[in-house]
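This briefing introduces a protein structure to a reader who has not met it before. Please keep the sequence and the model in view while reading the points that follow.

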Amino acid sequence: METTTLNIPVLALRGLTVFPNLTTGFDVEREISIFALDCAMESGRDIFLVTQREISTQTPGEEDLYTIGTVCHILQIVKTSDSTVRVVVEGQQRARLHRLWQTKPFLQANIELLEEDFPGKPTKRTEALLRQTYAIFGRYQELVSNISDEISSAILDNRDLGSLADFIAQNITLRHEDRQRALEELNPVKRLQLVNEILAHEVDVIALELQMERKVRERVGQVQKDMILREQVKVLQHELGDDGDEEIAEYTAKVEALKVSDEIRKKLTKEVDRLAKQPFGSAEASVIRNYLDVCLEMPWSKTTRDRADVERARKMLDHDHFGLEKVKERILEFIAVRQINPDAKGKILCLVGPPGVGKTSIAISVARAMNRKLCRLSLGGVRDEADIRGHRKTYIGAMPGRIIDGIVRSGSMNPLMVLDEIDKLSSDMRGDPASALLEVLDSEQNYAFRDHFLEIPVDLSKVMFITTANTLDTIPRPLLDRMEVIELSSYTDEEKLEIAKHHLLPKQLKEHGLRKNQLRISDDAIRKVISGYTRESGVRVLERQLGKLCRKTAMQLVTIDVKRIDITENNLYDYLGVVRYTDSVHITKDEIGVVNGLAWTEVGGEILEVEVNVMDGSGKLELTGNLGTVMQESAKAALSCLRSRTDTLGLEKDFYKTKDIHIHFPEAAVPKDGPSAGIAITTAMLSALTGCKVRGDVAMTGEVTLRGRVLAIGGLKEKTMAALRNGVKTVIIPKENEKDLEEIDQTVRGKLHFVPVETVDAVFASALVYPKAASTAVEHMTTLPVEAVDTSAALRA
């Protein structure tokens, strides 16, 4: 097929597309375009019209033009001003731009004339396509009112697919990109399908525009109606003499009566003036009223007088709680300081301990002992910063934060505020409440705390904050740095006995309507309840078990003709059933490769048995019992320690190559971790390798190093209690933990023999039972001095 090329002037169109066989008129004002028209008039009046890609381009190049345009014949040029001419052209044929070889003084290019594809004979498909076009155009005409009857008639009378597509694209409002797509399609059928898609899209968009316009018009009409009605109501109120002056006067009087700073008074007065200017029933007036009500409810000048009697406060604390000496002493110190300096700032205490040890209840008792109003905030699960700082009052349903709300509820500017479960705070996309507490819990900053709702400074320096937590691991370090941490450890069995006798049992008797002479529980029975039916660090489960005994007693008093129920250790089974907990399984006789270790748990201490078997093999080290990474590393360190002491301990130098060592911790379903079982693992491995037995009445705890040093551990109080509870007589502890014996219960110190050690040699000497025919090296090791602790001397210290 032969192609026809022409060298012809080019006129770049902005936002306009010209189609073949259609007449179009437009204005021309660019100099290069006017020169192109002049050149075309001198050479046959033919010119190539092509659309620019970007309307803002002033001097287009070849890359700024589409490749497909239309060769047109100039019908008329009329000069409308000094710089503008009106041009009327008739489209002749589509053409492709090959090369724009001239840009000044006008555009001129080589173009190739394009022929349309032959549409073929009319078919049912083409007829359906025509009908679809007529239907879509009909919907478009219903939505758009500027379509003339001539255009509608021309479209309905046109049966040529390509010509119809060009005519529709030329005569309806479309983007120049959509028109260009129709111009570039040479197949008439595909071109009409493309135009149908574009037209259908326009119908959907126009329908949505009309719908939105109708909604806006209805809303504006309703607003105008409401405004007119409000003005009418306002006029009627004025005529009736009811201008709302009484409400404004009441707010003004309350603001003037407040004993606040000038800044706060100025802010509240400004809000009252704003309220006076609001029209009747406006939404802004409701926001201002709510704001003023909250501000006026604040106890700005109200405080309670602290109780400055240390001895009286001590009696009240001792009456409410048994033990917790550290907390009580710290509170009494604060009361003593307040007695000397009444203007001292409030303190921030953090009570950390396992569940049920009385953190929240002691905080409540402190408020009673200090004669302060109490405000308790539970922070568990709080994840929104606005819970602490409040919402901006412009939001619907805005309210102050929990800190301000607590002060309002307490009715005092110096309450005792308990922030419960501060370690359970979380954060999300709404902010970090822990960060918002940084200012609240800083005594150097909280004298001017600004709540988002109030937007005025509030002095929190007189508030005493007591926070509670179960662990410090989840509390951010900057927040933890602002608090004085007081750790509450687990209760001993004797402490639980005293708490049960003097606090829990009388409380349960009162709740169940029983008198003291109707139920008597022996001390041994309570001890059995503590050891056999509870396993906790606190006393919550113990209180529930005592409540169960009270219910059983009430049942018998009602159904059986008895006047008093006596519960002893012997008949406790009849009331509480089978014992739920037993002491940890541990050895009581001397055995080879088995050592009693000590472990700390959240509910107290436990005996942690270590078993080691040595078998002929290839030097494998097997670790079982659900061990954590730290404990596995302790086992490897223990093996290396023994390898470095083969000569001293009488071990074969290549035992780590010829023997397989299996270390196991019973109760494999329970996860175990930590370094404190180091000396127990080392002792058990040496016992299994040498055949020496380990004393069954000895328990030990301590971290071991590669050099055989014994390092300090934690949880000594709970571990020693577990040793005593399980019948252990001697406890081997690190030398560095000797100072911690001061904090151990007197009963525990009196019944246990403590052996502080610095090296594993001292551990072996105290724990291993050597045969009479021991080697010389071993005999020498057993003669190493072992330092024992005189518990009576420690008690005296």
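A residue is called buried here when its relative accessible area is under 20%. The structure is a predicted model. By that definition of burial, six of the seven residues of strand β6 (residues 107-113) are buried, so β6 is largely enclosed by the rest of the structure. The points below begin with the chain as a whole, then turn to β6 and its partners, and end with a sheet of three strands.

**The chain as a whole**

- The chain contains 29 helices and 27 strands.
- The radius of gyration of the chain is 46 Å, whereas a compact globule of 797 residues would have one near 28 Å.
- The C-alpha trace extends about 130 × 95 × 60 Å along its principal axes.
- Of the 797 residues in the chain, 47% are buried.
- When contacts between residues at least 6 apart in sequence are considered, 73% of them join residues at least 24 apart.

**Surface and charge**

- The chain has an accessible surface of about 41100 Å², and carbon and sulfur atoms account for 50% of this surface.
- There are 107 positive and 122 negative charges in the chain, and their mean positions lie 6 Å apart.

**Strand β6 and its partners**

- Strands of a sheet pair through backbone hydrogen bonds, in either a parallel or an antiparallel manner.
- Strand β1 (residues 5-13) runs antiparallel to β6 and is joined to it by six bridges.
- Within this pairing, L6 has I111 in β6 as its bridge partner.
- Strand β5 (residues 85-102) is likewise antiparallel to β6, with six bridges between β5 and β6.
- Across from R96 stands E112 in β6.
- Four residues separate β5 from β6, and the two strands form a hairpin.

**The sheet of three strands**

- An open sheet of three strands follows the order β16-β21-β27, and its pairing is antiparallel.
- The edges of this sheet are β16 (591-592) and β27 (768-769); each has a single partner strand, so one side of each is left without a neighbour in the sheet.
- Two bridges connect β16 with β21 (residues 693-694), and these strands run antiparallel.
- The bridge partner of E591 in β21 is V694.

Definitions and conventions:
Residues numbered from 1 in each chain as written. Predicted model: local features only at pLDDT ≥ 70, side-chain atom pairs only at ≥ 80, totals over all residues. Heavy atoms only, no water. Rg over C-alpha atoms; globule rule 2.2 N^0.38 Å. Buried < 20%, exposed > 50% of the residue type's maximum accessible area, 1.4 Å probe, protein only. Contact = heavy atoms within 4.5 Å. Areas by Shrake-Rupley, 256 points an atom, 1.4 Å probe, with all protein chains shown as cover. Lys, Arg positive; Asp, Glu negative; His and termini not counted. Charge placed at Lys NZ, Arg CZ, Asp CG, Glu CD. Pairing = 2+ DSSP bridges.
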